[in-house]
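Please work through the following exercises with the sequence and the model at hand. Each task is followed by a solution in steps.

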Amino acid sequence: MTSFTPRRVERTPMGVTPQGGVVRTAPGARPADTRQADGMANTPEVTVGAPDDLGWRKVTIDGKSAGKVRSLRELEILLRHAGSEVGHDIHWVGGGDAVWPDRVVHRRAVGGIMFVGFLLPACLLIKIGWADSRDALTFGGRIAGYTILAAGLMMLIASAATLDYWHKRKWRYSGVAVLVGVVIVFLGSSSLLLLQIGEHFNRWSAIAIFFLIGSVAAGIGLIRSRAWKGLRNPGRIAIGAIIPTLLASINLAYAQFYVPYATIPLIMSGAEFKEASADGTGAVVYVTVHLYVKNDGQIPVYVLGSIYWIHGGPANITSEDRPPLFKKIYDGEFVTPAGRVLNPGEEIAQDAVVEIPKNADYEAIRAQTEVYVVRKDRMILPAGYEQSRVTVEELTRQGKGLGPREPHDAKYKNESRISNSSEILNVTRGQQRIMVWRVSNGEWPRIDVAMSPPGDRIIFDPKFPYFNQKIIDRYGLAKVRGSTAQTPFKELQEQAGSTEEGAGQDQSQSGG
């Protein structure tokens, strides 16, 4: 086998010189070595270009690209395959035959890290995007899911492009694909951190920080190596892609995210007194009270809990501050089962029959309702919420009891895990749960609601709206106080008496 010993000739503006010498030529003339080469049959002009950032040196034969090499051995093989003779002069640009800066271990290590760094986020994005594109509660959430899914598929392309970009770079757009992948990682990790502002620091927070730092470092390296060199007009392409995407994103965000988010549920509740009747002895008055809750808005809600009160007291007090002069006659729950969905335009109603002693010293009877609702478009309440109800007595028998931060005078509670409106929120917020207590509170029993991560209880208190702004904004949790219905007790007594007299006359007529 003939040995390959290329003669070193460096190209300068003055001409071609062997061994670093300079041959000055007149304008239009050719160097002597070139003139001598003209006499040699089948001796093409070979030029080896300057090394790039990966150590590749471009080889041209007679002005046409023949490939890239990283060593003298690869150059010899390339020339032999091209049918060129050995031993002729080679024009070296950017360094002679001793300049081969390829660092194989470093190049392969960087390529491997980038491959894994793209593949892992791609799997996560595809998982999140696939879940949200099918199961997100809103149209905007599903659109976001498809966007995340597309970003995950682009990350798969970027991971495949790393195998070419840090190896032979046969695909001219591999650098662009890798750069796009780095941008996606940067945007995804920074968005994940922004969504976690105010949340508990978890493993996803650490992962997002790691990938954010990595994407910045990789982006700096790709910018320095001009990874977009495969594009002919990168500036125009970037502007043409960014501006329409930005306008479409703004329009989509306003129509599908802001408008539904800013729309407030309109829930109406109240009570109405109906007929009154007396028992056979005339000692008890039975009053029928109509209780209802209606969704007059456009947002479906879950009814977490409901309560109504029937009080008796003086007629001249109409304040809603729960005056102590009113005495509780009865209280109960009127929306069953707990956790029921109330869709737009739907009404849930129930008639309750209340027993009142006829000789009770009441001037007026008052009825009032209260419900706690949460937006259905921001969370998923599992079906097990209804079956989760347990009384405090049962908890005590089981040896569990109430926790130190739970209401000590609770009668029963419902507890369940909840899912957020999208998979991306489940990732950023972590596990969440909801707890609802029915609390005995003298003349005015109440409902307490807590929605928070396990181990951290945030009780909703409508008297302090700023303290509860976090869960109000997150889930649209609200207390709906119904309108107060009040009627004179004497009027109910008379109605019951007339009903009793009418029933007596009917019996006498039928007996005659």
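The exercises below treat backbone geometry, helix packing and salt bridges.

The model is predicted, so local features need pLDDT of at least 70 and side-chain atom pairs count only at pLDDT 80 or more, while totals for chains, interfaces and linings use all residues. Residues are numbered from 1 along each chain as its sequence is written, and side-chain values use heavy atoms, with hydrogens and water left out.

**Exercise 1.** Determine which residues a cis peptide bond joins, and where Asp62 lies.

Solution. Most residues other than glycine have a negative phi, and most peptide bonds are trans.
- Step 1: Thr336 and Pro337 are joined by a cis peptide bond, with omega about -5°.
- Step 2: Pro337 is found in the loop between β10 (327-332) and β11 (340-342); helices (H or I, at least four residues) and strands (E, at least two) are DSSP runs, numbered from the N terminus.
- Step 3: Asp62 has a positive phi, near 55°, and lies in the loop between β4 (57-61) and β5 (64-69).
- Step 4: Asp62 is exposed at 53% relative accessible area; exposed means over 50%, buried under 20% and partly exposed in between, with a 1.4 Å probe and protein chains only.

**Exercise 2.** Describe how helix α4 and helix α5 pack.

Solution.
- Step 1: The axes of α4 (residues 139-165) and α5 (residues 174-195) are 8 Å apart, at an angle of about 135°. Axes are lines fitted to C-alpha atoms over the stretch in contact, and angles run from 0 to 180 degrees between N-to-C directions.
- Step 2: The two helices α4 and α5 are therefore oblique to each other, since angles under 35 degrees count as roughly parallel, over 145 as roughly antiparallel, 65 to 115 as roughly perpendicular and the rest as oblique.
- Step 3: Residues of α4, including Met154 and Ala158, meet residues of α5, including Val178 and Ile184; contact means heavy atoms within 4.5 Å.

**Exercise 3.** Analyse the salt bridges of Arg80 and Lys413.

Solution. A salt bridge is a side-chain nitrogen of Lys or Arg within 4 Å of a carboxyl oxygen of Asp or Glu.
- Step 1: The structure contains 15 salt bridges.
- Step 2: Arg80 pairs with Glu76 at 3.2 Å, N to O. These residues are 4 apart in helix α2 (residues 72-81), and so separated by about one helical turn.
- Step 3: Arg80 is partly exposed at 35%, whereas Glu76 is buried at 8%.
- Step 4: Lys413 forms a salt bridge with Glu415 (3.5 Å, N to O). Shared partners join Glu406, Lys413, Glu415 and Arg433 into one network of salt bridges.
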